[in-house]
Amino acid sequence: MTVKKAVDLLAALALNQAQGSLLTPSDTPATDKPPKLRKRDLVELNVDSLAYGGRGVSTLPDGRIVFVQRGLPGDRVSASITKVKSSFVEAKTENVLQVSPDRIPAECPHTDDCGGCSWQELPYQEQLRWKEQQFADSLGRIGGIDIEPEPIIGADDIWAYRNKMEFSFGDGPDGDLRLGLHRRGSYWQIVPLEYCHISPKRMNEVRSAVLQVAVDSGLPPYHNRRHEGFWRQLTIREAHNTGDLLINIVTASGDLPKEELLEALAPVGASTILWSITDQQSSTRIDSVETLTGDGFIEETLSTRRFRISPTSFFQTNTRMTEVLYKTIREAAEIKPTDRVLDLYCGTGSIGISLADKAREVFGIELVEGSVEDARLNSRLNELENIEFACGAAEAVLEEHHSSGGFDVVIVDPPRSGLHPKALKDIVSTRAPRIVYVSCNPTTLARDLAELVLAGYSAVRAVPLDLFPHTYHLEGVVTLDLVT
Ligand SMILES: C[S@@+](CC[C@H](N)C(=O)[O-])C[C@H]1O[C@@H](n2cnc3c(N)ncnc32)[C@H](O)[C@@H]1O
């Protein structure tokens, strides 16, 4: 498109917004005035690529990027503008005018509404291709890292792969009680699920059974804005290798129909059923927990190791792919029997425990106290005596621990926000010959890698992995060596 045509198109947008009509390049009047896009304007867009975060990407005639919700590469869509910034625009697909040749029918009937999986309509090989490209782009363009990543490691099981699901209670427009996932882009609205295909069958059965008991109870869902009501959340954890099943029902204080729940859940064979009560605004801050049946935790195995997992502890949510991830980390770390290893952001200690037989010593640091308790218990379960854990924020406690002895290998697996600047500084001052950075966010990974390279490290290997088929989420393992 020529510059003149581009200016015309933007001008026409301004003229059109008054009528709210759909703009096409063919009906663009000529004017010199640069137009202003406004919220709710309708535009036609060709979607060319996919951004990290799951949205399609198109380009306006003035060069501005448009992030298009529910647009896939190859689609031509009519979309309404939802946000206008000087450097980018956001839009929501209203109609697909020309369907991308890559589109396939979604497995899930809720794909238009549910915020869970946004790429179900892309064949899995295409999903992998885009993730591979996004990983390479992040490292190269954001991080300025001169490395060609290895091909992405995809998942063998692309359905029913999750070992943990969190469903929320809510109500529909007719006051019907719902137990499902949040509507895309909404904090309040719940999609009433028929079946969730990334959850195993037993989790779907648990959700249906709990919903039926909740409906029969006549008690209302908890309303986050008004802070009243009873039913709040349902968390289910199913250990892939042992078959253990943990069900955690979260409510406000009141009378739980315990007998009815235990009876309804008997066929699914749960190893633990918990009732967590909270009257706090956030349902993650629990006031008290009653164990209705079982030990209060589940056990899972990864390769030859056993892991106890409590309801609130972090554990990777795709068990099969976690085994692949940990194998990739082991290869990257190349641990020698004389090595002292730091497992920073260690959760329940699962990475350190998986490597401990190769190392002289492993030291884990983790913020959440319950996870550290599980990590200590897990090291005893696996009869490991060369592993210790400290509880605290990496940025607050690493300095004191690395001054007590150096590390040969540092493994970091931070949350999506990446490394805290103070933690990054302290990691660098360990001068560990090797760092293995495990990341679930290529954007913050790239930012942190740039800092590590400035501090004298060089990225020698980068491996993207897909732990979350049908979603935009992307895992990566980058190996860095100290060069200066
Ligand atoms: C992506 S998880 C990794 C857990 C573990 N490495 C695994 O593979 O299961 C990130 C972990 O970092 C912990 N965490 C978050 N902020 C932290 C901080 N400032 N310092 C230490 N740990 C933190 C979280 O509680 C979580 O367990």
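Here are some short exercises, with worked solutions, on a predicted model.

**Exercise 1. Place Thr-111 in the chain, and decide whether Thr-111 is buried or exposed.**

Step 1. Begin with the chain. Thr-111 sits in the loop that runs between strand E7 (88–98) and helix H2 (124–142).

Step 2. Now turn to the surface. The relative accessible area of Thr-111 is 8%. Buried means under 20%, so Thr-111 is buried.

Step 3. Finish with the surroundings. Setting aside residues within four places in sequence, Thr-111 is in contact with Arg-70, Ala-106, Cys-117, Gln-120, Glu-121 and Arg-184.

**Exercise 2. Describe the largest cavity: its volume, and the residues closest to its centre.**

Step 1. The volume of the largest cavity is about 90 Å³.

Step 2. The lining of this cavity is made of 13 residues, and those closest to its centre are Cys-108, Cys-114, Cys-117, Gln-120 and Cys-196. Cys-117 and Gln-120 may look familiar, since both are in the list of contacts of Thr-111.

Step 3. Sort the lining by class: eight residues are nonpolar, five are polar and none is charged.

**Exercise 3. Do the same for the second largest cavity, and find which strands give two or more residues to its lining.**

Step 1. The space in the second largest cavity comes to about 40 Å³.

Step 2. Its lining consists of Asn-163, Arg-237, Glu-238, Ala-239, Ile-298, Glu-300, Ile-309 and Phe-315. Strand E11 (231–238) and strand E15 (298–302) are the elements that give two or more residues to this lining.

Step 3. By class, this lining holds four nonpolar residues, one polar residue and three charged residues.

**Exercise 4. Explain why the second largest pocket can be said to lie between two domains.**

Step 1. Picture the pocket. The second largest pocket holds about 330 Å³ of space. Its lining has 13 residues, with Leu-50, Ala-51, Gln-134, Asp-137 and Arg-141 nearest the centre.

Step 2. Look at the elements. Strand E3 (49–50) and H2 each supply at least two lining residues, and H2 gives the most, with seven.

Step 3. Sort by class: the lining has six nonpolar, five polar and two charged residues.

Step 4. Bring in the domains. Residues of the lining come from both domain 1 (3–98) and domain 2 (125–156 + 318–482), so the pocket lies between them.

**Exercise 5. Find which residues touch the most other members of the largest nonpolar core, and where that core lies.**

Step 1. This core has 110 residues, and Leu-139, Ile-247 and Ile-411 touch the most other members.

Step 2. Helix H3 (residues 201–217) gives the most to this core, with seven residues.

Step 3. Because domain 2 (125–156 + 318–482) and domain 3 (164–301) both give residues to this core, the core lies between them.

Step 4. Zoom in on Ile-247. Beyond its neighbours within four places in sequence, its contacts include Val-206, Leu-234, Leu-265 and Ile-273.

Step 5. A second core, separate and of twelve residues, has Leu-37, Val-43, Ala-79 and Val-89 among its members.

**Exercise 6. Describe the setting of Ala-252: its loop, its burial and its contacts.**

Step 1. Ala-252 is in the loop between strand E12 (245–251) and helix H4 (258–265).

Step 2. Its relative accessibility is 3%, so Ala-252 counts as buried.

Step 3. Not counting residues up to four places away in sequence, Ala-252 touches Tyr-222, Gly-229, Phe-230, Arg-232, Ile-277, Thr-278 and Asp-279.

Step 4. Add a distance: from C-alpha to C-alpha, Ala-252 and Leu-445 are 38 Å apart in space, and they are 193 residues apart in sequence.

How values were computed. Residues are numbered from 1 along each chain as its sequence is written. This is a predicted model: local features need pLDDT of at least 70, side-chain atom pairs count only at pLDDT 80 or more; totals for chains, interfaces and linings use all residues. Side-chain values use heavy atoms; hydrogens and water are left out. Helices (H or I, at least four residues) and strands (E, at least two) are DSSP runs, numbered from the N terminus. Buried means under 20% relative accessible area, exposed over 50%, partly exposed in between (1.4 Å probe, protein chains only). Contact means heavy atoms within 4.5 Å. On a 1 Å grid over the protein atoms alone, a cavity is a set of points where a 1.4 Å probe fits but cannot get out, and a pocket is an open set with protein on both sides within 12 Å along at least five of seven lines; lining residues have an atom within 4 Å of a point. Grid points are joined across faces, edges and corners, and a volume is the space filled by probe spheres set on the points. Ala, Val, Leu, Ile, Met, Phe, Trp, Tyr, Cys and Pro count as nonpolar, Asp, Glu, Lys and Arg as charged, and the others, Gly among them, as polar. Domain bounds come from an automatic or database domain assignment. A nonpolar core is a set of buried Ala, Val, Leu, Ile, Met, Phe, Trp, Tyr and Cys residues joined through side-chain atoms within 4.5 Å.
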